[in-house]
Amino acid sequence: MSSEAVSATSAPEVAYPAPVSLGALWPWAIFALALLLLVYFVAVDEGAASVVPGMSLHEWVHDGRHLLGFPCH
Ligand SMILES: [Zn+2]
């Protein structure tokens, strides 16, 4: 019967992802910010909490609001 000795110094290799540079990250940051703004305007911006006065923004996102299940009226 053969036994293989496992060396205490040979830890299993962990594959870390490659580091991401800021130059490759900023388009995704802008995209994420645009998505957050869109979600804010669809889901939150209404009534007394509205940043944009008037009903124009509400009318623009009204169908999306109902589609996503957010109450509006
Ligand atoms: Zn509505």
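# Arg65 and its surroundings

Me: Which residue has its backbone oxygen 3.2 Å from a polar atom of the side chain of Arg65?
Reply: This is a predicted model, in which local features need pLDDT of at least 70 and side-chain atom pairs count only at pLDDT 80 or more, while totals for chains, interfaces and linings use all residues. Residues are numbered from 1 along each chain as its sequence is written, and side-chain values use heavy atoms, with hydrogens and water left out. The backbone oxygen that lies 3.2 Å from a polar atom of the Arg65 side chain is that of Phe41.

Me: At what distance does the side chain of Arg65 reach the backbone oxygen of Val42?
Reply: Arg65 itself is found in helix α2, residues 56-67. Val42 is among the residues that Arg65 touches (heavy atoms within 4.5 Å), as are Ala43, His58 and Cys72. The Arg65 side chain reaches the backbone oxygen of Val42 at 2.7 Å.

Me: Is Arg65 buried or exposed?
Reply: Buried means under 20% relative accessible area, exposed over 50%, and partly exposed in between, with a 1.4 Å probe and protein chains only. The relative accessible area of Arg65 is 0%, so Arg65 is buried.

Me: Which side chain of opposite charge is nearest to Asp45?
Reply: Asp45 is found in the loop between α1 and α2, and Asp45 is buried. Asp45 has no salt bridge, a term for a side-chain nitrogen of Lys or Arg within 4 Å of a carboxyl oxygen of Asp or Glu. Beyond four places in sequence, the contacts of Asp45 include Tyr40, Leu57 and Arg65. At 5.9 Å, the nearest side chain of opposite charge is that of Arg65.

Me: Is Phe31 buried, partly exposed or exposed?
Reply: Phe31 lies in helix α1, residues 22-43. Its relative accessibility is 45%, which means that Phe31 counts as partly exposed.

Me: What percentage of the 73 residues in the protein is buried?
Reply: The protein has two helices and zero strands, taken as DSSP runs of at least four residues (H or I) and at least two (E), numbered from the N terminus. Of the 73 residues, the buried share is 11%.

Terms used
A polar contact is a pair of N or O atoms within 3.5 Å; within protein, one must be able to donate a hydrogen and the other to accept it, and residues adjacent in sequence count only if both atoms are side-chain atoms. Lys and Arg count as positive and Asp and Glu as negative; His and the chain ends are not counted.
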